[in-house]
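Visitor: Please show me the structure, and then walk me through it step by step.

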Amino acid sequence: MKNLYKYSKNIVLFITSSLAGVVLFLWVMSINLGTSIMTSDFHRDLFEKNNIYYETQSEINNLVQSIFIDLSSQLPQLSDQQKEIFAILQDSISPEMIKMNIDTIADGLFKYFKGEKSFLPDIIIDTDSLSSENLKEVKEDSLEDISDTTDSEYVLSKIKRVNLNAILLSINRSDVLDMLLFIKLLYFIIDFVPVFCVLILVLLFLKALLFSRNLKEMLKWLFGLFMTCGILNIITAIFCMVYSYKILPENMYMLSVSIPLKSEILLSYVQDCLIPIFVFCIASGILMTLVSFLVLSFNGPADKFSLINIFKLKLSAKHRKLLEYTVITLLLVFSLSFLCFELYSFKKDFESSNFSNLISRLTNSNSYTEIISAKDDTIYTLQIKLVDIEDNSPVSGIQISVNGKTDNPEKYHNIAGITDEAGTVKFTLGKGTFHLIFSPVGGSTDYILPSPFFYDLKSVGTTLLTVNLDKYNAVTPSTGIAEIEVLDEDNLPVKGIELCVDSFETPTQYSKLTPYRGVSTSTPAKNPEASSNPDRFFSVTNEEGIAVFRLTSGLYNIKFSPDKFPEDYKIPELFEINCSPDLTTRYTIRLVKAHQ
């Protein structure tokens, strides 16, 4: 019986020591990532090293030029004014503007990832290339003429920045928004890792104390802790090197599909990101291994000590042991309580950040595949069907884009289709890996669409891919944040202006509307919650000139409160905002001087 107890105790000490080593490794890695690739300064240095600024400018210039050529071929009657707009945009793409935008976007994105900001950064548009003579002529016009003007130079001179979120939504790239939100989720998790790791280490250490009867056993426990952490660090370093120089170069196609830069640039950039992790892990692994053997070297002197003798109280052996176990138990209960509190805080922040919908889209667990063979062994067809997960009814009106290349012969595909009344869309492709992107045709949908993913088409015939879609929670409507930015004629923020929600339309109503239409002339029904919760529907601009509304998804009419509006400015007309679920959308209103 005594041998069984000793054997069980050794197993418990080994398991807790190994687990503590894993936890210590996670703590070390969180420190490593938090001080390297998770900071904007680190990436700014890599932008310079890998010539990202120049490559980005080249890609943007090529994109603007291709858009202009496409429009010219489709619309031969392209007006001089439209040509002028494209010329101004092309001239404004200077190296200084590109560098300023990349640095600003990088800083804004990292603040967004860390939760310091709830919205994506703005893209700054440089229109200083406009001639001062032309701008002077426009400014000499009357205010009424300016409000109704279609002069491209004046309009562009007033556009100083555009929010990245608005750009991505306008081009139906919700997949990029999902990717950014997923990175924010990783930051959120890593931010909690150090606290969790410390608490779990304390719990495991206290548990080891309960099972250890002398200092020698605790030294063996510490040896297992540091040795496990050191081995994991060395394994991670080896994996980084193998992945960086063996696996990654063979799979760069996957990354180049999502990021429009040269493969060699992307490869060099990712390798530069992995090098600090490799160096840190190698150094940590060697250090932890040395510490583990240093701890083991104290085994000889430890024979003279006992954990009970640490308590220098003049008590009997029985009472000293009871006191020791009582203190350890109290510390154990306190640490466990603190860990439960941190878990509750983690769950609360997770739900408030609306990460659950993102997880549902990323897992894509509600899909299954069926293969129908074909007589012709050269035909590879992908048929995608979208159905409601509740009643299995088809979901129509969803655009699915497919891009990728076939294996043999090598051929690139970039096609799109819209699900019909049966919820299906069919693509004739070839054997290969393809990137699938889901987006609503009308700009909005009641369903949670899956995030883009790669699909390996390798079976001859027709491959049926069925995707089950969840609806947004109908009991607790999805909410979004709308930010109204108010600026004066000099693009400076205006503080203390009150805005209010005048009326709204439900998501069912606006799903049939064109997403870029003007303000509706009809008067929607009043929001029934306005009277019961008025604070939710009024907001005052802060020092940055921003008024914030947290609203359920839908179309809202916003107006300025006349009694709290500056007299020297003209009150803007009623305007419409679209509050999207789980997103932060910013609208900018620029004020003009009133008639004197």
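Guide: We start with a strand. Strand 11 covers residues 461–471. This is a predicted model, where local features need pLDDT of at least 70, side-chain atom pairs count only at pLDDT 80 or more, and totals for chains, interfaces and linings use all residues. Residues are numbered from 1 along each chain as its sequence is written, and side-chain values use heavy atoms, with hydrogens and water left out.

Visitor: How many of the 11 residues of strand 11 are buried?
Guide: Strands are DSSP runs of E, at least two residues long, and helices are runs of H or I, at least four, both numbered from the N terminus. Buried means under 20% relative accessible area, exposed means over 50%, and partly exposed lies in between, with a 1.4 Å probe and protein chains only. Strand 11 is largely enclosed by the rest of the structure, because the buried count among its 11 residues is nine.

Visitor: In which sense do strand 4 and strand 11 pair, parallel or antiparallel?
Guide: Two strands pair if DSSP finds at least two bridges between them. Strand 4 (residues 380–388) shares nine bridges with strand 11. Y380 stands opposite G461 there. The sense of this pairing is parallel.

Visitor: Which residue of strand 11 stands opposite I448?
Guide: Strand 9 (residues 447–448) pairs with strand 11 in the antiparallel sense, over two bridges. Opposite I448 stands D470.

Visitor: Which strands stand at the edges of the open sheet of four strands?
Guide: The order in this sheet is 6-5-8-10, with antiparallel pairing. An edge strand here has a single partner, so one side of it is left without a neighbour in the sheet. The edges are strand 6 (412–418) and strand 10 (453–457).

Visitor: What does the twist average in the sheet 6-5-8-10?
Guide: Axes are lines fitted to C-alpha atoms, for helices over the stretch in contact, and angles run from 0 to 180 degrees between N-to-C directions. From one strand to the next, the average twist is 25 degrees.

Visitor: Which residue in strand 10 is the bridge partner of L436?
Guide: Strand 8 (residues 432–440) and strand 10 run antiparallel to each other and pair over five bridges. The partner of L436 is F453.

Visitor: Which are the edge strands of the open sheet of three strands?
Guide: Its order is 15-12-18, and its pairing is mixed. An edge strand pairs on one side only. They are strand 15 (546–552) and strand 18 (584–590).

Visitor: Which residue in strand 18 stands opposite L487?
Guide: Strand 12 pairs with strand 18 in the parallel sense, over seven bridges. Facing L487 is R590.

Visitor: Which helix gives the largest share of the largest nonpolar core?
Guide: A nonpolar core is a set of buried Ala, Val, Leu, Ile, Met, Phe, Trp, Tyr and Cys residues joined through side-chain atoms within 4.5 Å. The largest one has 50 residues, and L24, L120 and W221 touch the most other members. Several helices each supply at least two residues, including helix 1, helix 5 and helix 11. The largest share, 17 residues, comes from helix 10.

Visitor: Which helix gives the most to the lining of the second largest pocket?
Guide: A pocket is an open set of points on a 1 Å grid over the protein atoms alone, where a 1.4 Å probe fits, with protein on both sides within 12 Å along at least five of seven lines; lining residues have an atom within 4 Å of a point. Of the 35 lining residues, the closest to the centre are Y112, G115, K184, S353 and F355. With 10 residues, the one that gives the most is helix 10.

Visitor: How much space lies in the second largest pocket?
Guide: Grid points are joined across faces, edges and corners, and a volume is the space filled by probe spheres set on the points. The space is about 660 Å³.

Visitor: Does N392 count as buried or exposed?
Guide: N392 sits in the loop between strand 4 and strand 5 (398–406). Its phi is near 60 degrees, a positive value in a residue other than glycine. Most residues other than glycine have a negative phi. At 53% relative accessibility, N392 counts as exposed.

Visitor: Where does N51 lie?
Guide: N51 also has a positive phi, near 60 degrees. At 39% relative accessibility, N51 is partly exposed. Its place is the loop between helix 2 (40–49) and helix 3 (52–74).
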